[in-house]
Amino acid sequence: MAQYDLAIRGGTVASAFGVIRCDIGVKDGRVAALAEAINDATTIVDASGLLVLPGGVDSHCHIEQPEANGSVHEESFISASTSAFAGGTTSVVCFTQQFKGGGVLDMHRAYRARAATGMLDVALHQIISDPTDVVMNDEVPQLVADGVRSLKVFLTYEPLHLNDEQYLRVLATARRHGCLVTVHCENYDAINWRAQALLAAGMTAPKYHAWSRPPVVEREATHRAIALAEMVDQPIQVFHVSCAEAAEEIARAQARGVKVWGETCPQYFALTAEDMARPGFEGAKFMCSPAPRDTAEHARVWGMIQRGTLDVISSDHCGYSYGGSLGKKQNGDGANFDVVPNGIPGLAARLPLLFSEGVSKGRIGIEEFVRLSSTNAAKLMGLYPKKGAIAPGSDADIVLWDAGKRVTLTNALMQHAIDYTPYEGTEVTGWPVVTFRRGVMVMRDGVVQAEPGTGQYLPRAPYPMVAPRGVLANGFDAAPVL
């Protein structure tokens, strides 16, 4: 009997800590050895001339998510798994919804069952849109016991947004139970005020979506979210930072020692507000929140990535087709910008865009690419070193990457359920050619070969990265850790 189930030979292995030429031995779905030469394996894969990277960890994905009107997002866990594997991602963190007036526990159980139909390994965030006594005191502890370690809140969007008192309540509950809080930071009232003024002036096209939510509403909400979290002594991650103004608020807090982390997405260095000004209703394809900015902002966002203030790159995959009853046109072709569904697909495009714009263009090194695309998210979500690493004992989630391969992105290459990609026609340099999930080859040369139902749920135990600092105003603890 062979010593290893799989040997990946001849490649250049890149981690968050360096690059080495070595072989990898895999046994029972986990990395068992790194060595100069591994020959005794049932299956041998030649990785000569390729980078060998940890599978991508995408910690911000909306997949098969139920909506309050009874509909469900078009992207199923099967189609999302296919798209993710095609793009080199092997693990995701998705969102269990909560509807106003309802609880979270039944929704969590039902969503776990949905996730089990796919092929990706999945951890869960819990959205809190109605922090009632029952939810906070009775149901959240049961979620934590089932491995949920992050609560998501919105400071904008109807009917999801929380006011400051509700947000404080979520922060306090998270602190008591050892959870991270992730925050969508935009000012609800400011956006509504501007949107109504724009609509009254007849400015209804998709491009005015960006006008309704300029950087200042993101900066203000980021400052407020951090300030309240600092008062509670609760770690937070600020999602999808689109501009340096908001990132600077994070950097200032980090300099004070506050536990706050910043995430951004490819749309904030690959798309612009001008995309929403395309003829007719075409601009709706590019509508997401926060809105894409301009090319000058791209450079500033890259500066914040290079500085380390923004240390996770997720997709914020939230796919709505252009057509169809669930798509961008669901309220009519030419509907006012304020009733167009927000969100764009990006699961498969995330890693190629980051590699091409980052590594291939000299903005970041390969180690930083690994940190941004996999390791940092795994650490912050409490999944490391099971995920986000190529090391003995880690899951053998591995991607073979052709650093010089040039590809023009098309919707067909994305392999998702959505009828378009906002990155159509974009040329990238660097492409995943083989993806392994727990030692099983699930993609080769764009052909996905995983079986539905083979993904695993990823429960998360307590982890010190999101523990409170113990720094409290006047030494008074209003939300003691249990």
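Here are some short exercises, each with a worked solution, on a predicted model of a protein.

**Exercise 1. An open sheet**

Work out the strand order of the open sheet of four strands, and name its edge strands.

*Solution.* Step one is to read across the sheet: the order is β5-β4-β1-β6, and the pairing is mixed. Step two is to look for strands that pair on one side only, and these are β5 and β6, the edge strands. Step three adds the twist, which averages 20° from one strand to the next.

Now zoom in on one pair. How many bridges join β4 to β5? Strand β4 covers residues 23–27, and five bridges join it to β5. The two strands run antiparallel. Within this pair, glycine 25 of the chain stands opposite alanine 33 in β5.

**Exercise 2. A residue in a loop**

Find asparagine 39 and describe its surroundings.

*Solution.* Start with the place: asparagine 39 sits in the loop between β5 (30–35) and β6 (41–46). Next, list its contacts, leaving out residues up to four places away in sequence: asparagine 39 touches Arg9 and Ile44. Then check the side chains, where a polar contact of 3.2 Å joins asparagine 39 to arginine 9. Finally, try a distance across the model. Between the C-alpha atoms of asparagine 39 and serine 212 there are 60 Å of space, and the two residues are 173 apart in sequence.

**Exercise 3. Two cavities**

How many cavities of 30 Å³ or more does the structure hold, and what lines them?

*Solution.* The count is two. Take the largest cavity to begin with: its volume is about 50 Å³. Its lining is made of Ala229, Glu230, Asp233, Gln234, Pro235, Val258, Lys259, Pro468 and Arg469. Sorting these by class gives four nonpolar, one polar and four charged residues.

Now turn to the second largest cavity, with about 40 Å³ of space. Among the residues lining it are Leu53, Phe369 and Trp401. At least two lining residues come from each of β7 (51–54), α12 (366–380) and β17 (398–408). By class, this lining has six nonpolar residues, two polar ones and no charged ones.

**Exercise 4. A pocket**

Describe the lining of the second largest pocket.

*Solution.* First note the volume of this second largest pocket, about 170 Å³. Then pick out lining residues, which include Leu168, Met231, Phe476 and Asp477. Two helices, α4 (164–177) and α7 (215–232), each give at least two residues to the lining. Last comes the sorting: nine residues are nonpolar, none is polar and one is charged.

**Exercise 5. Backbone details**

Where do proline 159 and proline 385 sit, and what kind of peptide bond leads into each?

*Solution.* Begin with proline 159, in the loop between β11 (150–154) and α4. A cis peptide bond joins glutamate 158 to proline 159, with omega about 5°. Proline 385 lies in the loop between α12 and β17. The bond from tyrosine 384 to proline 385 is cis too, with omega near 5°.

One more step brings us to tyrosine 157, in the loop between β11 and α4. Is its phi positive or negative? The phi of tyrosine 157 is positive, about 80°, although this residue is not a glycine.

How values were computed:
Residues are numbered from 1 along each chain as its sequence is written. This is a predicted model: local features need pLDDT of at least 70, side-chain atom pairs count only at pLDDT 80 or more; totals for chains, interfaces and linings use all residues. Side-chain values use heavy atoms; hydrogens and water are left out. On a 1 Å grid over the protein atoms alone, a cavity is a set of points where a 1.4 Å probe fits but cannot get out, and a pocket is an open set with protein on both sides within 12 Å along at least five of seven lines; lining residues have an atom within 4 Å of a point. Grid points are joined across faces, edges and corners, and a volume is the space filled by probe spheres set on the points. Ala, Val, Leu, Ile, Met, Phe, Trp, Tyr, Cys and Pro count as nonpolar, Asp, Glu, Lys and Arg as charged, and the others, Gly among them, as polar. Contact means heavy atoms within 4.5 Å. A polar contact is a pair of N or O atoms within 3.5 Å; within protein, one must be able to donate a hydrogen and the other to accept it, and residues adjacent in sequence count only if both atoms are side-chain atoms. Two strands pair if DSSP finds at least two bridges between them. Axes are lines fitted to C-alpha atoms, for helices over the stretch in contact, and angles run from 0 to 180 degrees between N-to-C directions.
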